[in-house]
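Please prepare a briefing on the internal cavities of the structure shown below, with attention to volumes and linings.

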Amino acid sequence: MPDELDPSTGRALADGPPPATRPVGVVGAGTMGAGIAEVAARAGHEVRLLDAAAGAAPAGADGVRRRLEREVDRGRVTSADASDVLARLAVVDDVAALACCGVVVEAVAEDLDVKRTLFAALEVVVADDILLATNTSSLSVTAVAAGARRPGRFVGLHFFNPAPRMSLVEVVRGEDSDPGTVDAACELVRAWGKTPVVVTSTPGFIVNRVARPFYGEAQRLVEEGVGDPATIDAVLREAGGFPMGPFELTDLVGQDVSLSVARSVWEQTFADPRYAPTVFQQRLVDAGRLGRKSGRGVYRYDADSTAPLDSAPATEPPRPAPASLDLVVWDAEDSPFPVMRPFLDRVVAGGVELPSTVADPEGADIEASTRGIRLPGGAVLVEVDHGDWSGLGGVIELDWAHDPAGCARVLLLPSADCPSESLHAAVGACQAAGVAVSVLPGSVGGVVARTVAMLVNEAVEVVARREASAEDVDVAMVLGTGYPSGPLGWGDAVGAHRVASLVQQLGDTHPSGRYRTSPLLHRALVRGSHLRDL
C-alpha cells in the first residue's frame, strides 16, 4: 500500500497491501459490493460497508449473512468462522466513517459522474497513503481518476460475479496509476485468495473484450442462416468444450445486459466493426425477450425451471457405419486431420477400418489426389480449414473439437452438392465413435473453428497492443469465463497458421473489417513462434 508520495508527481507509492489491522471500505452494497465486502471480511479485514440508498447497506450485510448460513449448512464453513466473518462486517452511513480504512473499493452505479463525485468526497476524508479502487466493468479507470488530487493511487479492481466464488480479479491500470499502486493491488488481491491479472484501462479490459467473438460469431451464424441457436449452443458445449453455449449464457446474464456490454465496447473503440453489436440481439431486446428474467429470450423458460423449454439441438438419426473407408494422404507423414486426428482413432475403435492410401499430388488429377476420407457416393470428408475445396464438389468438413478424444458431439458441414449417400456414410462413421452428430450447411470455419479462430485473433490483438501479457490473457479467460483453454494456448495447439487462414477466409467472405488478422499473428507465423511467447 502507498505510505508516501512522490513529490515530483504527487502520485502514491506502494510497498504492499494494507495490513489486516486497517479496515477495508466498500461503497455500494448491491450484489457486487456486498460480495467484495464478504471477500475482504473472509480474508481477515474489518470491513465498513456503505451505500447511499436507505436500507441498502443493511440489506447487503444481511445477504452476506444468508450466504454464510448456507455455507455452514453445506459444511463448507464452520459456524464459528461464519460468526467471525460477520463480526468483522460493519454497516456505516457516512463517507467520514471510511477515514480509518487502508483501501476503499467502490461498486456503485456504472455512471462516470456518480463515481467521480464519490471519489472526490472520499479524498477529503481518507489518508493520502490509501489505495482507491473502482470495480467498474465498462468505464475507463483513467476517466474515473481524472480530476482526482492524487490519480496515481487509483486502480481498477474488476471482480466477477459472484465475487466470493469467482477467483479472477482484473487489476486495471489507468493512465496515471502508479506502478507501485498496481503492484500493491495485485498483492492485495492475492492476500484475499484471488488471482490477479493486470490490464491497461481499455474497452472491455481482458475478459469482456476477448469474449466478444464467442457471442458475436454465434449470433452472426444465425443471421447468416447457417444454424439455429440450440444446435450452435450444443456444438460449442459438446464439441468446443465451453461450459455454456453463447445463447443460453446471454439468456442467463440478460440480453439487455449483454447488448449493453457489446455496445459499450463498440462505442469506446469508435465503432470498430470488430465489436459491432448484432441486429439479432437488438431485436431480442426490442421485443422484451431479455432471457430467464423475463421468461423468454433466445429460449423460453417457465417459472419453476431455469432450463430452457425449447433448446433441443438438431441431431442426426442413427446411420449405419461403413465397414471401411479410404484415408488419402500425400505422404506417409501427412495427415488431412491435424486437429481431429484423435477423433479418427475413435472411429476406428468403433469398427470402421481406415487404411491410408498415399497419393502423388504432382501431375495427378486433383480429385484423385485430394487428401481426406473417401466416402461412398464420391464425396470427401476433410477437416475445417484444410484447404480450398471450392469447385471440387462433394465435400464434407468436420468441425474442430477441443478434445477430439473425448468430445460428445461433432459437427459436419456438407457442401451444397454433397451426395446424400456420402453424408449418411460420414454420419454413420462418426456415430461409430460414440458421439452425437449435428449437420449444418457448409460455411467458412464452421462453428467451433470459426469461434476459436476469432477468440485467438482477439487475444493476440490484446497482447499486440501491450494491454495485457499473453499469460494474463489466458489465465483471465479460463478463470473469468470457464473456457476449456486459454485462447493463446488453444491457438498454439491448433497452429497459428490455421487460425490466420480461417480469419483471412472469413475476411474474404465478409469484407466488413470485422475479420482482420492481427499483425502479431502474422509475426508469429513468420517467426514460427508460439502465441504464448508473444
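In this predicted model, the second largest cavity encloses about 60 Å³ of space, where a cavity is a set of points on a 1 Å grid over the protein atoms alone at which a 1.4 Å probe fits but cannot get out, and where a volume is the space filled by probe spheres set on the points, joined across faces, edges and corners. Local features need pLDDT of at least 70 and side-chain atom pairs count only at pLDDT 80 or more, while totals for chains, interfaces and linings use all residues of this predicted model. Residues are numbered from 1 along each chain as its sequence is written, and side-chain values use heavy atoms, with hydrogens and water left out.

**Second largest cavity**
- Its lining, meaning residues with an atom within 4 Å of a point, includes Leu325, Phe343, Leu344, Val347, Ile373 and Cys430.
- By class, this lining has twelve nonpolar residues and no polar or charged ones, with Ala, Val, Leu, Ile, Met, Phe, Trp, Tyr, Cys and Pro counted as nonpolar, Asp, Glu, Lys and Arg as charged, and the others, Gly among them, as polar.
- At least two lining residues come from each of α13 (341-349) and α15 (420-431), helices being DSSP runs of H or I with at least four residues, numbered from the N terminus.

**Largest cavity**
- The structure holds four cavities of 30 Å³ or more, and the largest has a volume of about 110 Å³.
- Of the 14 residues that line the largest cavity, Arg212, Gly216, Gln219, Ala262 and Ala276 lie nearest its centre.
- The helix α8 gives the most to this lining, with five residues, and the classes are five nonpolar, five polar and four charged.

Definitions and conventions. On a 1 Å grid over the protein atoms alone, a cavity is a set of points where a 1.4 Å probe fits but cannot get out, and a pocket is an open set with protein on both sides within 12 Å along at least five of seven lines; lining residues have an atom within 4 Å of a point.
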